[in-house]
Amino acid sequence: MKAVVLAYHNIGCAGIKALLTRGFDILAVFTHEDGPNENTWFESVAELAAANDIPVYNPADINHPLWVERIRKMEPDIIFSFYYRNMVGKEILDLPPAGCLNLHGSLLPRYRGRCPVNWVLIHGEKETGVTLHYMTPRPDDGDIVEQKRVTIDDNDTALSLHKKLTTAAGDLLDDLLPKIRENRAQRIPQEQSSASYFGGRRSDDGEIDWRQDAAGVRFNSQTEMMMEQQRKKHVLILGVNGFIGNHLSERLLESGRYEVHGMDLCSNTIERLMGHPDFHFKEGDISIMREWIEYHVRKCDIILPLVAIATPIEYVRNPLRVFELDFEENLRIVRYCAKYGKRLIFPSTSEVYGMCHDPEFDEQHSNFVLGPIHKQRWIYSCSKQMLDRVIWAYGTDRGLRFSLFRPFNWVGPRLDSLESARIGSSRVITQFILNLVEGSPIRLVDGGRQKRCFTDVKDGIDCLFEIIENKNGCCNGRIFNIGNPDNEYSMQALADILRQKFAAHSFRSHFPPDGGFQYIEARAFYGSGYQDVQHRRPSIRQARRILGWEPKVPFEQSVDETLDYFLKDLPGWQEQNL
Ligand code: UGA
């Protein structure tokens with residue numbers, strides 16, 4: 001049976017020895033580099049593997065797609081984890097047909113998590129043991145294959161108990177490996193209600209309180225640990241007043257788990273958040289306030305640089321501004337994240353796929369197809385693509401933690417503004433709403449046959465929130481399309497739906513008569529530097545699988561809410577009409 005082994009420490013060595021004795025073919029061993037500040041009193045997995053001619057790897061992030069791909073190519077039948085310290089994501093767990101098995105140093109479901117040897121002693125347990133269990137993306141949580149019990153004596157220390165557990169691990173594996181190979185191993189679900197979880201230990205956990213008697217001393221900083229877990233994460237959002245920035249801030253604050261530090265040129269869309277104790281706003285231009293930004297990158301945990309020119313007409317009108325802002329200014333922020341070791345969540349764009357011919361655009365496989373240089377519409381796509389690639393390289397070469405997301409035509413309240421639509425600089429739905437409000441014709445470029453998949457901003461933000469949460473690091477080094485493939489409409493269909501909704505709206509009588517349609521060529525509308533895509537449909541398999549996310553809001557509801565928002569929000573409207 002071909003096995004890939006993730007291992008560290010004495011138990012890692014015991015596991016590898018048991019596999020070799022029982023004739024398993026170990027394709028590769030993944031281990032950790034010994035920490036410079038850690039006292040390495042234990043055996044070396046790397047040396048043991050090397051002595052047996054087994055390839056050894058030490059990836060910074062085993063869940064990075066490159067490593068997942070590498071393991072996939074090895075085609076293991078089974079994966080074992082023996083005291084490997086990092087969480088293993090679903091992508092790897094799904095690879096081997098016989099599953100992934102972990103050996104944990106306690107009698108699960110009790111004492112899940114880190115340092116079980118220390119925690120059982122601290123809690124005065126009389127018995128512990130080792131458990132071999134199937135792995136899930138949650139720590140020490142899957143079905144149990146078998147356990148071996150170990151008695152704890154009054155004289156046991158962490159070291160003596162560790163030795164007993166190492167022996168027990170070897171014995172347990174020796175018994176079980178033949179059964180596993182013959183597919184006879186049992187699976188007993190863990191009793192979730194009796195589970196307990198403990199975290200890592202720090203040096204100050206070892207402080208002795210001399211006022212307590214010897215048996216009562218608990219080297220325990222559980223309270224501090226829980227406080228650390230409950231500490232609100234600080235998120236820096238540059239462009240906090242924008243469409244995504246303001247909706248995301250609201251969601252983060254609602255969760256009670258984050259403090260938001262935001263910068264933008266203005267604050268009209270975030271007035272509702274201003275009094276919130278966890279919301280900190282700074283008015284300013286990212287190309288000028290560089291010190292403030294660097295200071296806040298250092299201070300925050302997660303960075304979202306959302307500032308960008310993102311409307312097609314500007315790509316043709318102001319290509320250099322697009323390059324300077326969307327590429328150059330953001331590159332600086334990417335570099336700060338790399339320099340200060342911060343997690344970066346970067347808004348790529350559905351536009352990177354350009355005129356790709358795939359029926360659905362896939363993050364891993366679709367090609368980016370852009371037109372010739374004089375079609376300046378693509379400078380935006382190209383700038384974003386280049387940054388995506390730079391970020392990826394920082395991730396692989398310099399250990400930058402990042403996730404990229406690609407919004408597909410998100411719609412909802414506060415998408416651009418009617419003022420921006422007035423100068424032609426807004427996304428299509430806002431443009432059409434302005435036409436309806438003014439009684440001017442809806443202009444359908446190139447017959448209105450182009451299709452987009454419209455995604456409600458609430459759905460989009462739900463997905464982005466999960467990316468920020470990043471449970472078990474599942475989003476590290478990943479790119480997510482965030483779109484609704486079922487909401488695919490042509491521009492003509494969008495215009496028809498909007499006109500109907502507008503006609504039926506309770507405020508309809510306050511606006512001028514319908515201006516009808518005007519069919520217009522792209523060159524006349526945008527200029528000669530424009531080129532368009534006929535369809536842009538996302539594959540969202542990745543977000544479904546990794547985040548369990550599913551877009552839910554029907555398009556008609558998104559249109560209702562967007563229309564309603566703009567009609568009610570017209571400046572001076574309420575005073576004049578209500
Ligand atoms: C836009 C932005 O360029 C991207 O920043 C963003 O990532 C992307 O949306 C997205 O949200 O996924 P695009 O969909 O091409 O890209 O831009 P829109 O201005 O919303 O135009 C959509 C379609 O409507 C285009 O085919 C355009 O020609 C058409 N349109 C637009 C009209 O027919 N009439 C108008 O008055 C305006």
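**Questions about a ligand and its surroundings**

Visitor: How many residues surround the ligand, and which are the closest?

Guide: The ligand is surrounded by 28 residues, and Y315, S350, E351, N409 and D532 are the closest of them. A residue belongs to this shell if one of its heavy atoms lies within 4 Å of the ligand. Before we go on, this is a predicted model, in which local features need pLDDT of at least 70, side-chain atom pairs count only at pLDDT 80 or more, and totals for chains, interfaces and linings use all residues. Residues are numbered from 1 along each chain as its sequence is written, and side-chain values use heavy atoms, with hydrogens and water left out.

Visitor: What makes the pair formed by the ligand and R452 a polar contact?

Guide: A polar contact is a pair of N or O atoms within 3.5 Å; within protein, one must be able to donate a hydrogen and the other to accept it, and residues adjacent in sequence count only if both atoms are side-chain atoms. In R452, a side-chain N or O atom is 2.7 Å from an oxygen atom of the ligand, so the pair meets that limit. The side chain of Y380 also has an N or O atom 3.0 Å from a ligand oxygen. With N409, a backbone N or O atom lies 2.7 Å from an oxygen of the ligand.

Visitor: How much of the ligand does the protein bury?

Guide: On its own, the ligand exposes 720 Å², and the protein buries 97% of that; the areas come from the Shrake-Rupley method with a 1.4 Å probe.

Visitor: Which elements give two or more residues to the shell around the ligand?

Guide: They are α10 (312–317), α14 (428–438), β17 (442–445) and α17 (522–526). The names follow DSSP runs numbered from the N terminus, with at least four residues (H or I) for a helix and at least two (E) for a strand.

Visitor: How do the shell residues divide into nonpolar, polar and charged?

Guide: There are 15 nonpolar, six polar and seven charged residues in the shell. Asp, Glu, Lys and Arg count as charged, Ala, Val, Leu, Ile, Met, Phe, Trp, Tyr, Cys and Pro as nonpolar, and the others, Gly among them, as polar.

Visitor: Why is α14 called oblique to α16?

Guide: The axes of α14 and helix α16 (residues 491–504) come within 10 Å and cross at roughly 45°. Angles run from 0 to 180 degrees between N-to-C directions, with axes fitted to C-alpha atoms over the stretch in contact. Under 35 degrees is roughly parallel, over 145 roughly antiparallel, 65 to 115 roughly perpendicular, and the rest oblique. Therefore α14 is oblique to α16.

Visitor: What makes α16 oblique to α19?

Guide: Helix α19 (residues 555–569) and α16 have axes that come within 10 Å and cross at roughly 55°, so α16 counts as oblique to α19.

Visitor: Is the crossing of α16 and α19 left-handed or right-handed?

Guide: That crossing is right-handed. The near helix is turned clockwise from the far one by less than a right angle, whereas anticlockwise would make a crossing left-handed. The way α14 passes α16 is right-handed too.

Visitor: What is the peptide bond from L108 to P109?

Guide: The bond from L108 to P109 is cis, with omega near 15°. P109 sits in the loop between β5 (100–104) and β6 (112–113).
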